Structures are given as C-alpha cells and as structure tokens.
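Me: I have a model open on my screen and would like to walk through a few residues with you. Shall we begin?

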Amino acid sequence: MGDNMSKRLKLISATEAEMEERSFPNPYPDLEQGVLTSNSGADVDYNEPFDADGKVSAAFQKKVQNKIKDLLVQMEEGLKTADPHDFSTYTGWTGIALLYLQLHRVTQETSHLQRALDYVKRTMRILNGRKVTFLCGDAGPLAVGAVVYHKLDNSADSKDCVSRLLQLQRSVLSPDSEMPDELLYGRAGYLYALLYVNKEIGADTVDEETITKVVTAIIESGKNMSAEQKKTDRCPLLYEWHKKQYIGAAHGLAGIYYMLMQPAAKVHPDMQSELIRPCIDYVRHKKFRSGNFPSSLSNESDRLVHWCHGAPGVIHMLIMAYKVRSEYSLLSVQC
C-alpha cells in the first residue's frame, strides 16, 4: 500500500507539467456571460469568427461550408483505398453514412441524404453477425439504415432494418452469452442502437419491453460482478472487459453508467439512487488532481487522455449525472 501511495503522490506532483504537454493552446477569445473577451486584452475582431452579438458570423459560416466541401472531396478520394469489409460505425462505412446523415440534418441538402443511402446499401451487403453494438457491430448499420430509409419515406426497408436489429437481442439477453456490458462491444452498445432508433424515428419504434430487458441484463450483470468483487456497498454495479475493470467510456464504467442514466432507458428513480448514484461517486473519487482519470481501477498511471480512456470520456457520464440528479451541482462533479 505504501508503494502505491508514493507512486500516486509522484503522479500528482508531476501532473501540471504533463498536462501542459497534452493540450493545445486556444487562440480564440473567451465567452463570458454572452460577451466576448480577449485573453490578451486586445480588441477582438468580431467579424472572424464571431459577430458583435457573439454569434458565428456569416463570413465564417461560409468558410466552414467551403472547407467541408473540400474535405468531403478529400475523404471520398481516400475512401477508394479503404477496407472494403469494414462496415462499422466506428471506423468504417456506416460512420461515413452517419456523417452524411448529419450533414443532411444541418444543411437539408437531399444530396447528402442520398449519399448516406449509398453507404447504407454498401454496409447491408457485408454484415457478418459477429458483433451487436452500434459502434462496432451489425446494430450500427441497421440502426443508421433504419433512420436513412425513414427520412426517405421508405417505410418497408426502414421496418426491415428495425426487425433485423431486434433479432440481435437474442445473443444480448442469452444467459449463456459471454457478451461484455461495455459500450464498444457489449450490451450498452446495443442499448445505444435501440435508443438511437427511437430518438430518430419515434419513441415506440423499439418497444419499451425490449429496452427494459436489455437494461435489466446490464444491471444484473453489474450487480453480480460487484458482489463477486465484494464491492456492493461502494460500487453496486461493477463491470469488466477482458478481466480488467476499466473506467473510461469505450470499455468501462463511464460508458455503461452514461447509458443507464439515459431518460429513454427508463431506469426507475429509486434504482438510479440506490445503484447508479453510488457508482458515479465511486468513479469521481478516482480522479487525479490533474482532472484526468485512470484507465482502470488497477491502474495508477495518469497517462491516457482520450475518449476511450480518460477524462474526455468520463465527462459525458458526469454531465449526464448532473442532468439526471439536480442536486449534483456542476461544481460537485467538477466538469
């Protein structure tokens, strides 16, 4: 224990210098109570990128739009040599479809929606049924496909995608399944796909009973692991991936708790208080002085700072905790 404490103290004392090396300087002025202020005290050029009201200027918007067009051309050229078998949302063709879907949402240009459809059709031909999550499995292409077809008023193909998405729950709910619970490859990732479809198409697209079954499976798995590790009082819901209890958003506690706190998951308020809130506090107290979080409960290294492992992923859990529990002040969760 003494060695661990001394190791942690060394990490804490070195964090400020280390964090400076892991960040980029922000060249833009601060926005305080709706008024732009310059860090240097010099006059602020409100025309670029903001206007006098603190809103993004028309000139800057035009620059962004032109840059997006240039980047899309570069992206499409680069995709000519991309892995033809990677259909995932995380690193593959569904992620490109999701990009075009978002561009359509912002610009309302039908060409973007049509391009999203092109990539959806491509992914549907290469699904393999090996994974079930939104980011890395079949659930992502099927969920995005359902939304794209819905926006194109193709009800038949949209419903077919939803039907195929729901068929994946067999492996998610099977008591004999060795499926993890985390966001990238596990049950929380499948839950994300279900909630995404309901948000984009309609609240009753995926029935409440199915969502409840998935949520229950995640909670029961966490309770069992916590009891096994004798941490029920401190952390009632505990999870592991590849025999390690990760903290971050991709493989760990933060991503799972974030999903369980989603209003659409409909976890009962009493269960939120009894099971999830103590877990949020448990994770919060693992924070380094730098503001970062360890990658796992067994790791004391303040090294990884990205969405998968570290504060950039954990902060989403903390913000959701603030939204769900009003007594959590932003100061107390230290976002």
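Me: Is Cys 308 buried or exposed?
Reply: Happy to help, and keep in mind that this is a predicted model. Cys 308 has a relative accessible area of 17%. Buried means under 20%, so Cys 308 counts as buried.

Me: Which residues does Cys 308 touch, not counting those up to four places away in sequence?
Reply: Cys 308 lies in the loop between helix H11 (269-284) and helix H12 (311-324). An unreviewed UniProt entry lists Cys 308 under "binding site". Its partners, leaving out residues up to four places away in sequence, are Tyr 90, Gly 248, Ala 249 and Ala 250.

Me: Where is Gln 245, and is this residue buried or exposed?
Reply: Gln 245 sits in the loop between helix H9 (208-228) and helix H10 (253-260). Beyond its neighbours within four places in sequence, its contacts include Tyr 239, Ser 296 and Leu 297. With 13% relative accessibility, Gln 245 counts as buried.

Me: How far apart in space are Gly 222 and Tyr 239, C-alpha to C-alpha?
Reply: Gly 222 is part of helix H9, and its relative accessibility of 0% makes it buried. Tyr 239 is one of its contacts beyond four places in sequence. The two are 17 residues apart in sequence, while their C-alpha atoms are separated by 5.5 Å.

Me: How many residues are in the largest nonpolar core?
Reply: Leu 165 and Tyr 190 are among the residues with the most contacts inside this core. Leu 165 is also in contact with Tyr 190 itself. The core's residue count is 81.

How values were computed. Residues numbered from 1 in each chain as written. Predicted model: local features only at pLDDT ≥ 70, side-chain atom pairs only at ≥ 80, totals over all residues. Heavy atoms only, no water. Core = buried A, V, L, I, M, F, W, Y, C linked by side-chain atoms within 4.5 Å. Buried < 20%, exposed > 50% of the residue type's maximum accessible area, 1.4 Å probe, protein only. Contact = heavy atoms within 4.5 Å. Helix = DSSP H or I, 4+ residues; strand = E, 2+ residues; numbered from the N terminus. UniProt positions renumbered as here; feature names shortened; annotations may be inferred.
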